[in-house]
Every structure is written in structure tokens, then in C-alpha cells.
Amino acid sequence: MSEETKSLNFIEHIIEEDLANGLPKEKLRFRFPPEPNGYLHIGHTKAIGISFGLGEKYNAPVNLRFDDTNPSKEEQEYVDAIKRDIAWLGYRWANELYSSDYFDELYDWAVKLIKDGKAYVDSQTSEAIAEQKGTPTQPGTNSPYRNRSVEENLDLFQRMKAGEFSAGTHVLRAKIDMEDPNMLMRDPIMYRIMYAHHHRTGDEWCIYPMYDWTHGESDYIEQISHSLCSLEFKPHRKLYDWFRDHVYEYAKDKLPLPPKQREFARLNLSYTIMSKRKLLKLVEEKVVSGWDDPRMPTISGLRRRGYTPNSIREFIKKVGVAKRENVIDVSLLEFCIREDLNKTANRVMAVLDPVKVVITNYPEDKEEWLEAENNQEDASAGYRKVPFSREIYIEKEDFKEEAGSKFFRLKLGGEVRLKNAYIIKANDVVKDKNGEITEIHCTYDIDTSKKVKGTLHWVSIKHAITAEVREYDRLFMHEAPDSDKDKDFMEFLNPNSLNVRTGYLEPSLSEAKAGERFQFQRLGYFVVDENSTPGRLVFNKTVGLRDSWVKQAPKPQAIAQEKPKKVQQKRSAISVIQQLGKKYTNYPEAKQANVKAEIIDLAKDVSYDDLEPLFDTAVKKAGTRIAVMIALKELLKKGLERNDAVNEFITKALEDQNEILVAEASEI
């Protein structure tokens, strides 16, 4: 088996087999068929990515078809939002279609099924029909109307269409088998009476086809070669094929290709709700500001939060195509946006929880405009000027009057480097009557070549602009908020999912436009919100620089009767990084992404002295060298200065045969 064949996912294997068995490549056609009853969410991106990705791979058309069979829940707003989201992700559809386009043809086929004795009108209540369905272990029982004559069924069905009956009095059912072990085959409903205004057909119809009848026949009408859907539709495949095979006999001369349904595992994400009904509840009860609230897992919400199309497409690529259901950790999605913004977002300085610093030996009337690099990951990003003056803001948490040797920020008697500026030393503080520090008095040193361990971001008070900063966190505190049968998912809402504060920003941001993304140095990635107006900027926090939820698994309850266990000494961060690196190259791509995120988080507890001995790791131990390179990159970001050993390690990596190692080294 060739390497290319090995890399195919199971759907691609199916397609390749069909092509090998004679299906002409020009007959390949795919579709993405959303129901316009809500906004698309992150779970839909997998189905979008699979169908449109196959279209790109095989140069085949992909239809965007709206399965609009339930006018009571569908709106034009949802249609417009779905189109906007798919286009934003970078996909282009061949045709925009609607199941409602096929209502006449579906009706004519239903009439033919009645004439062939394969469908009948049932006049029971919905409760009686449900009771007669039986259970998975008990067969169903026939409706008393199952053996109505063809003539009576045709008459009733035509009168249903004409609007002679009230809703709920009659339904049209397929006549299959009430004892079939698959309950979906037990005479499923095809049409129900519904007096509701349709967003496209208006009041033309008062009977509407059910999803299972409409969906497969729409695929057939459009000559879709492979109907791809998530695993919950696997039990529906038997019914899909039954409807398809019967209709094929009516239309095979005009429509020669019967579609094939195949299923893949849907995307389940931790700390996230994927039900459109439950997301609608959050909107209706004003838990969130709307479908595009940045805490929502909708594509609109992710876009407003600052996620990029590339980060979402990369996330879907890493998740892959699987046959079995699983839950993907939301940290992988967050990792993907960090990776993307790290390369593309310009670095700026902002202070969100300020304390005033007065540089006492700096002239009161002096100001300087210092040069700052926009993005060390992008050589083309260039430089900007930032103002420096006697009084600046730093973050409150970046100063302690007294601190231990592990505190590398500002403390009394200690020195730190101000990013892009000077080295300062804290000499004294001013406090208010409550003992709160209001000012830190420092002196600066023009010798910036000195080695100091800490580097702080800052803004000049005189030049700072203010902005509203919305810090978003996960909307739910529970890993699976809708999995507890005894509790409503709303009970797991995170009360601290939104924190609004005033930020003090460097003046280069005064002209920032809605949608522009930045890294607030040492704080995280932020995007300019659409609510911004001239003179009143609003920023949304996209994601922190590292995962703040990592290793927050609930602690096990103490069990009194358990024997005391020996306390194991905690392994050092560098030891764990080495261990993670050993099998790095053997992991699949999604696992590599998770391991990389863990190494990045561990790197904050690693020093250069820890890393340097590993620069001489044997060439054959590529995984360890990759892990060391990832950690080294984090240290360089935090201000580690390059030396000959670092440069030699990077140079050797760039000449290595391992593509992953070369890629990591190329980013430095």
C-alpha cells in the first residue's frame, strides 16, 4: 500500500473504491445540507470541512442546500447567517438550493407510492401512532387505517394538500414493516398538516414533507454521489435506501445516479453545548447577547471573538475524520487560534489593571518615541514608535514590595527591563490611607545591555488611550454541561465568563478597525469588536497566551478508609518535556498538537540552564529535539537572548531530515 493510500481517511477510501469500480470522476458531487433553524456552530464546521474539502480534493461541485421542511422554526435570518459563515470560512458552493424547490416533485412521488400501495393516510392521533410503534425489543402493531384502499388514500392526501383538514387530523405514512427491528422502518410519517408561513413558499403549502422523506430525495434530485452525514443518522440509512430505491424506479431515466449515504463521527467539544435548541435558549433568556456573542460556540460568535478562518480549518484538519464518537478537548481549538495569531497578530502594549510608576530621575518635560518590533514571527511586519515618559502604567500583579527569588518581576530594590525601553529599579512606594499602593517610585538606567531576568509591558500615562476591554472565558464550567441527567445544563454556567474593564493602550491603537487582531503583550490575543466607534474602542479577548484551564481536573474526594500512599516527588518540567518528546514523532497530528500545547505550558517553568544540556541530543532522537525546540521558542519569546549554543542548535535543526523539527526551527 502506497503512502498516499495510507493517508486517506475512510470516506476517501470509499470514494476511491467507487471510482475504481467505474464511477466517472465527473459524476462526483457533494452537498452541505443545513436546516435553517439556527446559526451554525463549531460542530457544523466538521461537516462543512469534510464536504467542501472533498470538493476541493476531487475538483467536484458542492451544493449548499437548505433542508427547509419545518416553517415553524425556520427563518431567512438563519439562511443569511449560514451563507455568511460558510463564505467567511473560505468555502464556495456550486449551487444554492432549497428542499422547498422540490416540494412539487416530492408530492408527485408520494402520490406514486400511494398508487403502488407503499403509502397510506393514517387518521390516528400522534399519541396512538407513537404507542403502536412498539419498542426496540417489542414489535409495533399495524394502524387500523393501514389497509385503506388506494382510492381513499389518494382522495384524503389530495384533500390534505387542499387544506380541507385541520392540523393533526391526518398524516401520510410509508407502508413498510411494523415489526422491523429498526424502529425508523415502522411505517414512518412522510407528510403532516401544518398551517405555517414558509420563508420561501409563503402559504402555498399546508402539508410539509418530513426530513427523512425530503432529505434523501433531495440528494437524488441533485444527483449527489455521496451523501455524508454524522453518526446519529446511521440508523436512518436503511430508510434512506428504501425511499431512494423506490423513487429510483420512477425517475431512473432522468436521474440515473442513486446517492450513497455514509456516516462520520460528529464533532463533540468539551465545555461546549452543541444543541441548537439549547443555544437558542441561551439567546432567548438573554444569558448571552445574541447568536454572535463571543462566548457562543457559533461560527458567528467565534468570528466576533477573534477566531480566524484558518485557525478553524486547521482545527478541523487536526481532528480528522473518524467513525467513532469522541470528545475533542476545547484546548485544541484554543491552541489552533494561538498558533495562527502568533504568526499574524502584531504585538502591542496594553495595561488592564494599572498601577502608576514614577521614574524619578527622568526629566518631567521629556518624552521619547522608541522603536518597537511589531511581530518577531513576521519579518515583514516592520516596526512602530511607542512613546515613553516619566510616568507610566504597569500591571499591579507585576509588582511586589517583597518577593522571593522566583519572582522575576518588579520588587523593591529589584530591577526589570521595560519592553522596548530602559531598565528600572524600584526604590519606594506611595500608599493611600487604606494601605493600597498608588505609586511606585523608580529610577531608570540608560545601560540596557545589563542582564536582568524580568521584562514588563507598560504604557505612558501621558499618551495612553482608553478602551473597553471584554475578557471572555468559557461559558460553562462543566466539561460536558448537558450530560448530567439530573441537572439542567444552565446550572453549569460560568458566572465569570465575561469581565468588562477599562484598558490603557499605547496610542498606535487609536486607529484600529473592527476585526483587527492584536497580541496584548503578556496578556493574550484581542480583537477590535464591531461595537467600536470612533473615539470609543472595544476589544474582545480571543484567548490567553497559554491555557489557563490546563490540569484543572477535579480533585478526587478524600477517602477515609484508604491506606495512605507514599507521596511521590513532583517531576521537574524539563523531565516531563523530555518524556513527552520521546514519542512525539509517533503520535497522530491531533495528538501532536495536544502534546505541543502541553510542552508550551511546561516551558514557563524551564530555564535556559535546563534546556542547554539537551542541545546535544542524538540526531536519531528527533522527538526529544523537537520538544526542546518548542520549549526554546517559548524562552526566546520571553526575552532569552541568543548565544552561540542556541544558534548552533537551531542551525543543525534546519539541516535535519525530520520535517517536523525543521518546521519548528523555521519558526524561530
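## Loops, sheets and helix packing in a predicted model

At 36% relative accessibility, Arg 522 counts as partly exposed, because that class lies between the limits of 20% for buried and 50% for exposed residues. The structure is a predicted model, and this arginine is a useful place to enter it. Arg 522 belongs to the loop that links strand 27 (517-520) with strand 28 (524-528). Its phi is positive, at about 70 degrees, although Arg 522 is not a glycine.

A second residue of this kind is Asn 420, which is not a glycine either and has a positive phi of about 65 degrees. Asn 420 sits in the loop between strand 20 (415-418) and strand 21. With a relative accessible area of 27%, Asn 420 is partly exposed.

From this loop the chain can be followed into strand 21 (residues 423-431), which runs antiparallel to strand 22 and is joined to it by eight bridges. Within this pairing, Ile 424 has Tyr 444 of strand 22 as its bridge partner. The two strands make a hairpin, with five residues between strand 21 and strand 22. In the turn, Gly 435 has a positive phi of about 85 degrees. Strand 22 (residues 437-445) also pairs with strand 14 (residues 354-359); here the strands run parallel and four bridges join them. Ile 359 finds its bridge partner in Cys 442 of strand 22. Strand 22 is thus joined antiparallel to strand 21 and parallel to strand 14. Both arrangements are general options, since strands of a sheet pair through backbone hydrogen bonds, either parallel or antiparallel.

Towards the N terminus there is another sheet to consider. Three strands form an open sheet in the order 1-2-3, with parallel pairing. Strand 1 (30-32) and strand 3 (95-98) stand at its edges and have a single partner strand each, so one side of each lacks a neighbour in the sheet. On average, neighbouring strands of this sheet are turned by 35 degrees against each other, direction ignored. Strand 1 is joined to strand 2 (residues 62-66) by three bridges, and the two run parallel. Opposite Phe 32 stands Leu 64 in strand 2. Helix 3 (residues 44-58) lies across strand 1 and strand 2, and runs at about 155 degrees to strand 1.

Helix 4 (residues 76-88) allows a check on helix geometry. At 1.5 Å a residue, its 13 residues should span 18 Å, and the end C-alpha atoms are indeed 18 Å apart, so the two values agree. The buried residues in helix 4 are Tyr 78, Val 79, Ala 81, Ile 82, Asp 85, Ile 86 and Trp 88. As a general point, an α-helix has 3.6 residues a turn, so residues three or four places apart point the same way. After helix 4 comes Gly 90, with a positive phi near 100 degrees.

The last step is a pair of packed helices. Such a pair is described by the angle between the helix axes and the distance between them. The axes of helix 17 (residues 622-637) and helix 19 (residues 659-666) come within 9 Å and cross at roughly 10 degrees. Because angles under 35 degrees count as roughly parallel, helix 17 and helix 19 are therefore roughly parallel to each other. Their crossing is left-handed. At the contact, Arg 625, Ile 626, Met 629, Ile 630 and Lys 633 of helix 17 meet Ile 660, Leu 661, Glu 664 and Ala 665 of helix 19.

Definitions and conventions: Residues are numbered from 1 along each chain as its sequence is written. This is a predicted model: local features need pLDDT of at least 70, side-chain atom pairs count only at pLDDT 80 or more; totals for chains, interfaces and linings use all residues. Side-chain values use heavy atoms; hydrogens and water are left out. The expected span of a helix is 1.5 Å times one less than its number of residues. Buried means under 20% relative accessible area, exposed over 50%, partly exposed in between (1.4 Å probe, protein chains only). Two strands pair if DSSP finds at least two bridges between them. Axes are lines fitted to C-alpha atoms, for helices over the stretch in contact, and angles run from 0 to 180 degrees between N-to-C directions. Contact means heavy atoms within 4.5 Å. Angles under 35 degrees count as roughly parallel, over 145 as roughly antiparallel, 65 to 115 as roughly perpendicular and the rest as oblique. A crossing is left-handed if the near helix is turned anticlockwise from the far one by less than a right angle, and right-handed if clockwise.
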